[in-house]
Amino acid sequence: MVYRGPYKIAVEEKDRPAVEHPNDAIVRVERAAICGSDLHLYHGMMPDTRVGTTFGHEFIGVVDEVGPSVEHLQPGDRVMVPFNVFCGTCYFCAKGLYSNCHNVNPNATAVGGIYGYSHTAGGYDGGQAEYVRVPFADVGPTLIPEWMSDDDALMCTDALPTGYFGAQLGDIGLGDVVVVFGAGPVGLFAARSAWLMGAGRVIVVDQVEERLAMAEQFAFAETVHFKQVKDVVVHLKKITDHLGADVVIDAVGAEADGNRWQHFTSTKLKLQGGSPIALNWAIDAVRKGGTVSVVGAYGPVFSAVKFGDAVNKGLTLRMNQCPVKRQWPRLFEHIRNGHLTPSDIITHRIPLEHVAEGYHLFSSKLDGCIKPVLVPNA
């Protein structure tokens, strides 16, 4: 796929990527997912998203070629690739903060490297293609365990670890009330993960009926349709003993709906780095002294966040791009032991040549689409 401007996706022939550095590998893509944060690019929300870029930061495949310095992979290996591009040796990587790697992005003081994202994240082509170049091939990719399905492996490259990370950032205690804003894939995984961390009650908020139904079925959560209550914050307070939730997770990010002014100034006028509606609801809905976790994606510029309320309530705000590979050992055990089957949220499989229709379907939330997967050569 090739980005041709906001709401314009095309299928075009590009040269097969080549090894550019001795540590590179070339991976033949077998599956790639469309992520909610890809939609921020598709909608023209992220600065410096350049025409000609190939999106896709969730993908698995087979190693097709390796550079002369690659020691741990060889052609034919089945690999899963985390969405973070990282060196494995810098100050931040040494602390496991792979999403904050300092060596993979000219804008590294702001963000690390991400496949298939805007040039603010390094400008790497992504995996919604037949082939993709994978830098630092001995560091990021991991062999897919023989017992793991390809679909489960694909969900481990971003959506599942990001949702799990969102719950981790909440520092959930035994019996805590957890509210998750957003019933997309990341929100569903955050809600499901909250139970694994001891939550006593999990409530998911969204406005799409199919997603709320999935939150009940997959994440065993109570649900709130925010357009069916007069004031979602007041409603959440009422059903949490008027104190508010112990932990609130923002799994929506830049394109949150629910406030016309905020939505218009961010998504239409681009005056903010993202609509902070869900984040402001999170700040209002959490109890005093509670924790707000943010894993929804926002742009790198100003957003009108209610920071004063957060200060006055004594909140803990925690956020980051997920360091995917750091989550894998624990998630692999949850999958192997049957506690999680992440592929259960996949609703659509789309041939790569129909990627434009896939983006339209996912963007417009048509046909109950929750997680679409692209399959090259289907």
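The following exercises, each with a worked solution, concern a predicted model of a protein structure.

**Exercise 1. Two helices side by side**

Determine how helices α5 and α6 are oriented relative to each other, and identify the residues that join them.

*Solution.*
Step 1. Locate the elements: α5 spans residues 185-196, and α6 spans residues 209-218.
Step 2. Consider the geometry. The two axes are 10 Å apart, and the helices pack at an angle of about 25°.
Step 3. Classify the angle. Angles under 35 degrees count as roughly parallel, and α5 is therefore roughly parallel to α6. The crossing of these two helices is right-handed.
Step 4. List the contact residues. Helix α5 contributes L188, F189 and R192, while α6 contributes R211, M214, A215 and F218.
Step 5. Sort these residues by class: five are nonpolar, two are charged and none is polar.

**Exercise 2. Two helices that cross**

Classify the arrangement of helices α4 and α11, and describe the contact between them.

*Solution.*
Step 1. Locate the elements: α4 covers residues 159-169, and α11 covers residues 324-336.
Step 2. Consider the geometry. The axes come within 10 Å and cross at roughly 95°.
Step 3. Classify the angle. The range from 65 to 115 degrees counts as roughly perpendicular, so α4 and α11 are roughly perpendicular to each other.
Step 4. List the contact residues. On the side of α4 they are L160, P161, Y164, F165 and Q168. On the side of α11 they are V324, R326, Q327, W328, R330, L331, H334 and I335.
Step 5. Sort the residues by class. This contact has eight nonpolar, three polar and two charged residues.

**Exercise 3. The surroundings of helix α4**

State how many residues of α4 are buried, and describe what these residues pack against and what follows the helix.

*Solution.*
Step 1. Count the buried residues. Ten of the eleven residues of α4 are buried, so the helix is largely enclosed by the rest of the structure.
Step 2. Name them: A159, L160, P161, T162, G163, Y164, F165, G166, A167 and L169.
Step 3. Find their partners. The buried residues pack against the helices α3 (150-155), α5 and α11, and also against β13 (245-250), β14 (286-294) and β15 (316-319).
Step 4. Follow the chain beyond the helix. D171 lies in the loop between α4 and β10. This residue has a positive phi of about 50°, although it is not a glycine.
Step 5. Judge the accessibility of D171. Its relative accessible area is 58%, and the cut-off for exposed is over 50%; D171 is therefore exposed.

**Exercise 4. Aromatic pairs across the chain**

Of the 13 aromatic pairs in the structure, examine Y42 with Y359 and F181 with W281.

*Solution.*
Step 1. Take Y42 and Y359. Their ring centres are 5.1 Å apart and their planes lie at 50°, so the pair is tilted.
Step 2. Place this pair in the chain. Y42 belongs to helix α1 (residues 36-42) and Y359 to helix α12 (residues 355-363), and the two are 317 residues apart. Both Y42 and Y359 are buried.
Step 3. Take F181 and W281. Here the ring centres are 5.9 Å apart and the planes lie at 40°, so this pair is tilted as well.
Step 4. Place the second pair. F181 is in strand β10 (residues 177-181), W281 is in helix α9 (residues 277-285), and 100 residues separate them.
Step 5. Judge their accessibility. F181 is buried at a relative accessible area of 2%, and W281 is buried at 16%. In helix α9, which holds W281, nine of the nine residues are buried.
Step 6. Look for a wider grouping. Y42 and Y359 form one aromatic cluster together with Y3, Y7 and F55.
Step 7. Consider Y7 from this cluster. Y7 is found in the loop between β1 (2-3) and β2 (9-10). Its phi is near 65°, a positive value in a residue other than glycine, and at 48% relative accessibility Y7 counts as partly exposed.

**Exercise 5. One residue in a strand**

Is V134 buried or exposed, and which residues does V134 contact?

*Solution.*
Step 1. Locate V134 in strand β8 (residues 131-134).
Step 2. Judge the accessibility. At 0% relative accessibility, V134 counts as buried.
Step 3. List the contacts. Leaving aside neighbours within four places in sequence, V134 touches N23, D24, A25, V27, F59, V81, Y115 and P141.

Conventions: Residues are numbered from 1 along each chain as its sequence is written. This is a predicted model: local features need pLDDT of at least 70, side-chain atom pairs count only at pLDDT 80 or more; totals for chains, interfaces and linings use all residues. Side-chain values use heavy atoms; hydrogens and water are left out. Axes are lines fitted to C-alpha atoms, for helices over the stretch in contact, and angles run from 0 to 180 degrees between N-to-C directions. Helices (H or I, at least four residues) and strands (E, at least two) are DSSP runs, numbered from the N terminus. Angles under 35 degrees count as roughly parallel, over 145 as roughly antiparallel, 65 to 115 as roughly perpendicular and the rest as oblique. A crossing is left-handed if the near helix is turned anticlockwise from the far one by less than a right angle, and right-handed if clockwise. Contact means heavy atoms within 4.5 Å. Ala, Val, Leu, Ile, Met, Phe, Trp, Tyr, Cys and Pro count as nonpolar, Asp, Glu, Lys and Arg as charged, and the others, Gly among them, as polar. Rings of Phe, Tyr and Trp (its six-membered ring) pair if their centres lie within 6.5 Å; planes under 30 degrees apart count as stacked, over 60 as edge-to-face and the rest as tilted. Buried means under 20% relative accessible area, exposed over 50%, partly exposed in between (1.4 Å probe, protein chains only).
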